Amino acid sequence: MYKSALCALPIMFAVAGPVVAASDKTPQEVLHALIDSSDSAYLTQSEQNLMMMQDDPAYWIAEQGEILYKEPRGPNKVSLEKCDFGKGPGVLDGAYVEMPRYFADTGKVMDLESRLMYCMKNLQGFTDEDKELKDKHGNTDLVKIQTYVAMQSNGMPWNPPMDHPLEQAMRAAGEEFFYRRAGISDFSCATCHGATGKRIRASVLPNASVPEEWTKAISWPAFRVGHDAVRGSQHRVSECVWQMRQAEIVYGSDAAIAIISYWTDKARGQPAILPDIKR
């Protein structure tokens with residue numbers, strides 16, 4: 001009864017919500033379907049966040065991201081509509097749920113954030129010293145564009161390609177990272193995400209082996225209520241590594257992309273919730 005009542009609350013606000021791209025379901029509808037198919041304390045732990053999903057501030061960040069994506073910018077005065085996120089230049093529908101992936105033009109496996117930075121440099125002419133690329137966290141240009149691009153995959157199943165040897169190698173490296181204990185606390189990712197019932201303070205943690213929980217866990221960008229900002233996958237990786245008291249991980253590094261490759265593969269087949277809202 002509790003779960004039914006909880007799921008009904010956002011319907012009260014579902015009259016004039018934002019239009020969501022890529023799926024006929026809104027992010028909250030995707031989440032509610034996962035709640036109905038499972039018995040997860042993680043998915044239902046915040047009644048307030050479920051109620052706020054209809055008015056997720058990330059929608060407004062994405063609107064600004066769409067403007068930035070389409071606007072001719074940088075020294076070259078071109079838009080990002082020629083950027084190839086894996087499905088062809090300018091094709092965004094379903095691109096994010098098929099990342100990280102191998103890109104022949106760089107010879108690397110790239111996630112959304114590293115690919116976006118590559119396009120801003122090589123298409124638009126920005127450099128690492130420009131504010132547009134230096135400001136990586138918070139409601140920055142990078143996060144705004146990421147949120148807009150990612151939204152075009154809402155409700156679609158995670159499906160990172162694993163055909164290229166480098167894609168397989170990055171996934172394997174990410175798995176090693178996930179289970180490797182390190183740092184002064186001797187923690188690994190699996191310490192927190194290897195079983196059901198784990199908590200940090202009052203927060204219920206997702207179990208990586210429960211697909212319905214794991215797809216929400218990796219659905220970034222998301223509005224972090226406690227941060228009053230939208231955060232992306234790279235920020236989540238950095239924050240987890242810091243919480244484990246391990247050595248700082250470099251934004252956009254192969255190590256960061258490897259762990260994102262592994263965690264995305266763990267959610268394979270489950271629908272993405274984009275944008276999400278988290279504690």
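The following legends describe close-up views of two cavities and two helix contacts in a predicted model.

Local features in this predicted model require pLDDT of at least 70 and side-chain atom pairs pLDDT 80 or more, while totals for chains, interfaces and linings use all residues. Residues are numbered from 1 along each chain as its sequence is written, and side-chain values use heavy atoms, with hydrogens and water left out.

**View 1. The largest cavity and its lining.** The count comes to 2 cavities of 30 Å³ or more, a cavity being a set of points on a 1 Å grid over the protein atoms alone where a 1.4 Å probe fits but cannot get out. The largest holds about 70 Å³, where volume is the space filled by probe spheres set on points joined across faces, edges and corners. Its lining (residues with an atom within 4 Å of a point) includes Tyr96, Met99, Pro100, Trp158 and Thr264. Helices H5 (112-122) and H12 (254-266) each supply at least two lining residues, and H12 gives the largest share, 3 residues. Helices (H or I, at least four residues) and strands (E, at least two) are DSSP runs numbered from the N terminus. By class, the lining has 8 nonpolar, 2 polar and 2 charged residues; Ala, Val, Leu, Ile, Met, Phe, Trp, Tyr, Cys and Pro count as nonpolar, Asp, Glu, Lys and Arg as charged, and the others, Gly among them, as polar.

**View 2. The second largest cavity.** This cavity encloses about 40 Å³ of space. Among the residues that line it are Glu113, Lys136, His137, His235 and Tyr251. Helix H7 (141-151) and strand E6 (229-231) each contribute at least two residues. The lining divides into 3 nonpolar, 5 polar and 3 charged residues.

**View 3. Packing of H4 on H7.** Helix H4 (residues 58-70) packs against H7 at about 100°, with the axes 7 Å apart; axes are lines fitted to C-alpha atoms, for helices over the stretch in contact, and angles run from 0 to 180 degrees between N-to-C directions. H4 is therefore roughly perpendicular to H7, the term for angles of 65 to 115 degrees. The contact (heavy atoms within 4.5 Å) includes Tyr59, Ile61 and Leu68 of H4 and Val143, Ile145 and Tyr148 of H7. It comprises 11 nonpolar, 3 polar and 4 charged residues.

**View 4. Crossing of H11 and H12.** The axes of helix H11 (residues 233-243) and H12 come within 10 Å and cross at roughly 105°. The two helices are therefore roughly perpendicular to each other. Ser233, Gln234, Arg236 and Val237 of H11 meet Ala256, Ile257, Ile259, Ile260 and Trp263 of H12. These contact residues divide into 6 nonpolar, 2 polar and 1 charged.

Definitions and conventions. 1 Å grid on protein atoms, 1.4 Å probe; cavity = no way out; pocket = protein on both sides within 12 Å on 5 of 7 lines; lining within 4 Å. Parallel < 35°, antiparallel > 145°, perpendicular 65-115°, else oblique.
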